[in-house]
Amino acid sequence: MDKLGVFLCSGCGIGDALDLGAVDKAARERGCKTTLTNPCLCAEEGLQAIRDAVASGSLNGILICACSERAKAQAFDGLKSNEIGLYRVSLREQVIWTHPAGHEDTQALAEDLVRMGLARLEKTKPFKLLEDSIADTVLVVGGGRAGLEAARTASALGHPVIVVEKGDRIGGRLAAQVSILPERPPYDQPQPNPMPGLIAAVEADANVTILTAASIAKITGQPGQFEVCVATASAEQTFRAGAIVQATGARPYDARKLAHLGYGASPDVVTSHELEAMLAAGKVERPSDHSTPNRIVFIQCAGSRDPQHLPYCSSECCSQTLRQVAEVRRIAPAVESAVVYKDMRTPGLLEHFYLGVQASSGVMMTRGEVAKVEANGKLSVHLSSSLLGDQAAIDTDLVVLAVGMVPNSADGVAIRALHDARTRAQTSESEAQRKESAELAEKLADHEGTEILNLEYRQGPDLPTLRYGFPDSHFICFPYETRRTGIYAAGTLRAPMDAVEAAEDGCGAALKAVQCVAAARRGEAVHPRAGERTVPDFALQRCTQCKRCTEECPFGTLNEDQKGTPQFYSLRCRRCGICLGSCPERIVSFPDYSVDMVATMIKAMKVPEDFEEKPRIVAMLCENDAYPALDAAAARRVQLNPWVRVIPVRCLGSFNIVWVAEALSRGIDGVILIGCKYGDDYQCHYMHGSELANTRLGNVGETLQRLALEPERVKVVELSHEEFHRISTVLDEYAAELEEMGPNPLKGF
Amino acid sequence: MAPIPVLAPSPALRRMLAERGAGSAARCYQCATCSSVCELAPEAAPFPRRQMLLAQWGLGEQLMGDPALWLCHQCNDCNERCPRDAQPGDVLQILRAAAVEALAFPSFLGRLVGNVRATWPFLVGLPIVFWIVLLAATTGLHVPGVNPELSGLEGPFHYQEFVPHALIYIVYTLTALWVLVAAWVGGRRLWNRLGQHGARHGSFFAKLIPAVLEISTHRRFARCGESSLRRWGHLAVMWGFVGAAVTSGLLIPYLYRDSLFSWLPLPFAHDYPLPLDHPLKWLGNVSAVVLVIGGALLWKSRLGPADRRSGQTTAFDRFFLWTVLAVIATGVLTEALRFLAPPVVACTVYLAHLGIVLTLFVTFPYSKFAHLLYRTLAMVHQLMVDAATQAGVQSKTEEESR
């Protein structure tokens with residue numbers, strides 16, 4: 001943008017603490033012809049003054065120097081468009097609330113921030129809005145409790161729905177149950193299974209097409225424009241879908257791996273699902289001789305919460321066992337049921353159900369570990385460290401293993417790794433690499449043929465999994481989101497849960513899918529940069545096919561052509577800018593966020609000479625957590641270090657190492673990156689952004705040493721939103737470290 | 001390796017407990033709040049958490065000889081704080097009743113009193129009928145008239161003319177002998193079972209003394225948080241009975257002092273019935289007053305709806321309480337009515353008194369009365385177990401110091 005206007009707000013005490021005339025002068029010195037000071041920019045008069053100035057000066061860039069961009073967003077966002085850039089300089093939060101009023105350093109900070117804001121606007125480019133034909137249809141994969149709820153929700157919102165079900169009928173595992181957990185007050189009795197009604201309702205819905213005994217042969221394209229090819233027994237059909245809900249559910253853990261619990265050794269050791277089949281048939285009997293057992297022992301956590309098997313809790317088994325106990329009581333009241341549990345977990349109101357079942361006679365429960373189930377002639381369950389004694393045994397006629405759930409997911413990343421390894425094993429030129437690849441392929445062979453979605457994505461045909469095979473991504477704040485835009489996970493596929501939660505999940509994921517279709521139609525990004533309308537531009541003529549961007553994109557936005565050149569799918573993009581950080585050739589730029597832009601902002605800062613003893617620090621703050629944390633600290637009037645100049649970045653993953661070179665070569669003493677926590681419990685909105693930044697900085701250390709600069713001049717700090725109280729300490733400590741190192745030797749060159 | 005103990009849950013026991021009101025045990029989820037708030041539970045073997053689980057499972061073998069049942073005084077601190085309303089205090093109360101029944105010799109008498117809800121008219125009525133029949137056979141149920149020769153302080157007539165003392169001696173001595181045998185067997189059974197719950201150290205009698213001293217002040221009962229009323233009522237009733245027993249005990253040598261103490265050169269005036277100003281009469285009357293106060297307090301603590309604090313009152317409790325109250329009431333009335341009512345009324349009440357005392361006596365090993373014996377035994381057992389622990393620690397420290 002070339003015609004810029006600087007609008008200074010003197011409200012909220014800004015005018016008292018700063019010499020706004022001097023700030024105005026600094027703006028004009030940078031070549032800005034239109035400047036205006038107003039006592040309250042966010043009021044209608046202020047906004048009108050801006051509009052008038054924009055109209056009279058034909059401005060295409062607006063710099064609002066008032067409060068943080070996180071405040072008053074609704075008031076100011078209306079001023080910008082794809083033709084007019086707008087940027088906010090936070091004089092309130094970053095300057096007057098966090099620095100002493102009237103001080104020369106405070107004044108210098110305000111002027112620097114305005115210069116940097118102008119630099120940013122200078123590098124902002126107008127852009128064209130995305131316009132594409134967008135399909136309304138929501139594809140639901142899996143016709144169980146969550147899938148049917150998703151279908152019903154999307155249909156009710158006016159979207160055509162196609163349900164693809166692998167089995168011969170819809171209804172999922174829940175349909176096979178004789179009853180369900182209580183869902184209504186007083187929550188103390190099993191309830192009749194509602195699935196037949198739900199199935200009938202979905203089947204009767206003209207908006208919903210159900211394809212049973214079907215699988216997905218291929219999905220290409222992007223949100224709003226998925227081309228889905230479904231194979232049924234008779235034929236293949238192709239249709240367009242706008243968004244996808246994957247609700248492929250979970251399967252019971254394989255009890256054959258539980259030999260110590262007697263499974264396989266005796267036909268009278270059954271899984272909870274096998275018992276359910278009996279109950280559904282109205283029987284309670286020993287499979288060996290069809291006699292009615294006197295006593296049933298239910299073993300909870302059979303293979304669950306066990307590092308040898310499933311390390312996690314499947315969340316519903318305890319309640320399901322209580323329901324089965326109640327059903328056993330109903331069918332065969334004389335049968336005694338004993339439940340051995342690690343912890344009885346009945347979340348929420350299911351506590352009342354627990355009480356209800358406990359109150360019925362013929363039910364015994366104890367905490368305990370089951371050491372083994374002996375099956376020689378008669379069944380004997382050996383307990384260790386139970387409440388009934390360190391060692392105790394109980395004889396029984398039937399053992400029921402409450403097995404946990406394993407998600408019906410496919411690990412897209414692993415499948416791709418398998419395919420890549422196979423290819424390399426064939427084609428690699430190095431003998432060692434061929435051998436190594438063959439070994440890797442052998443290790444990953446289990447993933448052969450597990451594909452569910454069959455996405456034609458460079459990063460693999462299915463959703464990446466997070467932990468234990470559950471394809472969740474933003475597990476902290478954002479359910480249903482996955483690492484593939486427009487594809488939402490719901491139900492027991494996403495996390496272990498009961499039917500009520502699965503239904504809620506189906507509904508939630510469908511709402512997300514509908515939202516995604518609407519956003520695609522407007523050409524906007526979905527969460528977390530919802531509403532963002534710019535997309536990155538790839539200057540492909542300079543591309544070296546290094547594939548870093550296609551590898552590092554957390555959302556699989558980029559495919560590759562034969563040569564390895566990235567193919568960008570704008571509607572898959574979440575606008576995090578990680579591609580921009582990854583590219584060594586710096587060919588990726590957003591119209592309003594680019595390598596050049598941040599470099600220019602760094603250049604716009606005034607760096608005082610060595611003798612002035614005023615160091616300068618560039619702090620790049622992640623907009624998702626660290627930047628809000630700064631605002632939170634400011635709201636509490638925490639005093640911040642005066643040498644620091646903050647540049648918000650979309651994600652630390654978008655950090656390009658050129659910026660370090662730019663800053664240090666200009667005599668800036670240090671660069672600190674503050675971003676989200678990474679590792680197993682990452683908090684990054686883009687999964688690995690802060691981790692990637694850390695890795696990249698590892699590489700930059702050597703370069704700095706060659707320039708006779710300390711690698712410690714660049715630092716990454718993990719900070720979560722609620723740690724705002726730490727932010728001033730982090731900055732002060734870093735400033736102290738830099739002081740110890742002495743000034744940047746490149747100052748003044 | 002020793003074989004792993006096989007649990008033998010008894011559906012019958014669980015059904016019985018549920019029928020008698022201990023069904024709330026099923027609600028327990030073993031959080032052990034009860035054991036932590038209990039002031040009486042020994043540290044090494046806290047109750048009633050474990051007993052709740054055993055009751056849930058119907059593990060009678062472990063339960064029936066458990067000292068915890070008797071160390072519990074049913075303060076109901078646990079009832080008050082149980083997050084699941086499982087009422088551990090009440091459950092233990094019912095388990096105690098079940099234990100009394102299980103230990104009873106002969107067992108049919110245990111069952112008879114155990115099912116008191118149905119059998120109480122028989123238990124109360126039979127002794128009265130017995131006395132009527134006995135008197136009809138011996139004295140022809142002769143009711144004495146007013147004797148004008150007696151002074152005002154002596155009262156208008158003698159009960160001895162209605163029921164000869166000899167009959168009382170024979171009936172109650174025989175009954176007492178029988179009760180001693182039955183209590184001895186029950187006590188031995190419990191003592192042996194208690195032995196499976198911890199090793200003991202020291203002699204029984206050496207520990208009996210501190211146990212009795214503790215009981216004499218109800219020191220343990222005083223630690224109960226929730227039921228001070230019951231503690232005072234129980235203390236009064238206990239001492240009232242002790243006083244009444246001492247009175248009766250001293251009365252026999254007094255009555256036969258002529259023959260018993262003929263070798264002593266003492267002037268023996270013939271004054272029977274005892275005049276109201278006689279020290280023995282005083283002792284008896286003071287005991288009666290204490291009994292009435294204690295009985296009233298106990299009664300009051302059981303009045304009103306069964307909330308968590310007072311716990312529930314089962315038929316088993318009610319039978320014993322009412323028997324005790326009836327003994328006190330008929331006893332006091334018997335004494336008063338001799339002066340206030342025509343002999344026929346006074347004699348009828350006296351007959352009822354003799355009957356109800358017999359009920360109390362005979363049912364001693366089978367009713368709640370047995371707690372006198374069983375709780376004492378459990379306390380002695382606990383003292384001996386503590387002594388064993390101490391001895392163990394001592395020998396260990398000695399070893400270490402060596």
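Two strands are said to pair if DSSP finds at least two bridges between them, where strands (E, at least two residues) and helices (H or I, at least four) are DSSP runs numbered from the N terminus. The structure is a predicted model, in which local features need pLDDT of at least 70 and side-chain atom pairs count only at pLDDT 80 or more, while totals for chains, interfaces and linings use all residues. Residues are numbered from 1 along each chain as its sequence is written, and chains are lettered from A and ligands numbered from 1 in the order in which they are written.

**Exercise 1. Describe the two chains and the confidence given to the model.**

Solution. Begin with the predictor's own scores: the complex has an ipTM of 0.79 and a pTM of 0.86. For chain B the mean pLDDT, the predictor's confidence in each residue from 0 to 100, is 87, and 93% of its residues reach 70 or more.

Next take the secondary structure, where chain A has 21 helices and 32 strands, whereas chain B has 18 helices and one strand. The C-alpha atoms of chain A fill a box of roughly 95 × 65 × 60 Å along the principal axes, and the C-alpha trace of chain B spans about 80 × 55 × 35 Å along its own.

Then consider burial, for which a residue counts as buried if 20 or more other C-beta atoms lie within 10 Å of its own, exposed if 12 or fewer, and partly exposed in between, with C-beta atoms placed from the backbone. Of the 749 residues of chain A, 54% are buried, and in chain B buried residues make up 38% of 402.

Finally, turn to contacts, meaning residue pairs whose C-beta atoms, placed from the backbone, lie within 7 Å. Among those in chain A between residues at least 6 apart in sequence, 71% join residues at least 24 apart; in chain B, residues 24 or more positions apart account for 77% of the contacts with a separation of 6 or more.

**Exercise 2. Work out the strand order of the four-stranded open sheet in chain A, and place the helices against it.**

Solution. Start from the pairings. Strand β1 (residues 4-9) of chain A is joined to β2(A) by five bridges, and the two run parallel; within this pair, Gly5(A) stands opposite Thr34(A). Five bridges also join β1(A) to β3(A), again in parallel, and here Val6(A) has Leu63(A) as its bridge partner. β3(A) in turn pairs with β4(A) in the parallel sense over six bridges, with Ile62(A) opposite Leu86(A).

Putting these together gives the order β2-β1-β3-β4 for the open sheet. The edges are therefore β2 (34-38) and β4 (85-90) of chain A, each of which has a single partner strand and so one side without a neighbour in the sheet. Neighbouring strands are turned by 15 degrees against each other on average, direction ignored.

Now add the helices, using axes that are lines fitted to C-alpha atoms, for helices over the stretch in contact, with angles from 0 to 180 degrees between N-to-C directions. Helix α2 (residues 20-29) of chain A lies across β1 and β2 of chain A and runs at about 165 degrees to β2(A). Helix α3 (residues 44-57) of chain A packs on the sheet, touching β1, β2 and β3 (61-66) of chain A, and its direction makes about 170 degrees with that of β2(A).

**Exercise 3. Decide whether β3(A) and helix α10(A) are enclosed or open to the outside.**

Solution. For β3(A), count the buried residues: six of the six are buried, so the strand is largely enclosed by the rest of the structure. Both faces are covered, with Gly61(A), Leu63(A) and Cys65(A) buried on one side and Ile62(A), Ile64(A) and Ala66(A) on the other.

For α10(A), twelve of the 15 residues are buried, so this helix too is largely enclosed by the rest of the structure; among the buried residues are Cys317(A), Leu322(A), Arg323(A) and Glu327(A).

**Exercise 4. Characterise the contact between chains A and B.**

Solution. The contact takes 19 residues from chain A and 16 residues from chain B. On the side of chain A that touches chain B, α11 (350-359), β18 (363-367) and β21 (389-396) of chain A each supply at least two residues, and β21(A) gives the most, with six.

The last step is the pairing across the chains: β21(A) and strand β1 (residues 6-7) of chain B pair in the parallel sense over two bridges, and Ala393(A) has Val6(B) as its bridge partner in β1(B).

Notes:
Two residues are in contact if their C-beta atoms, placed from the backbone, lie within 7 Å.
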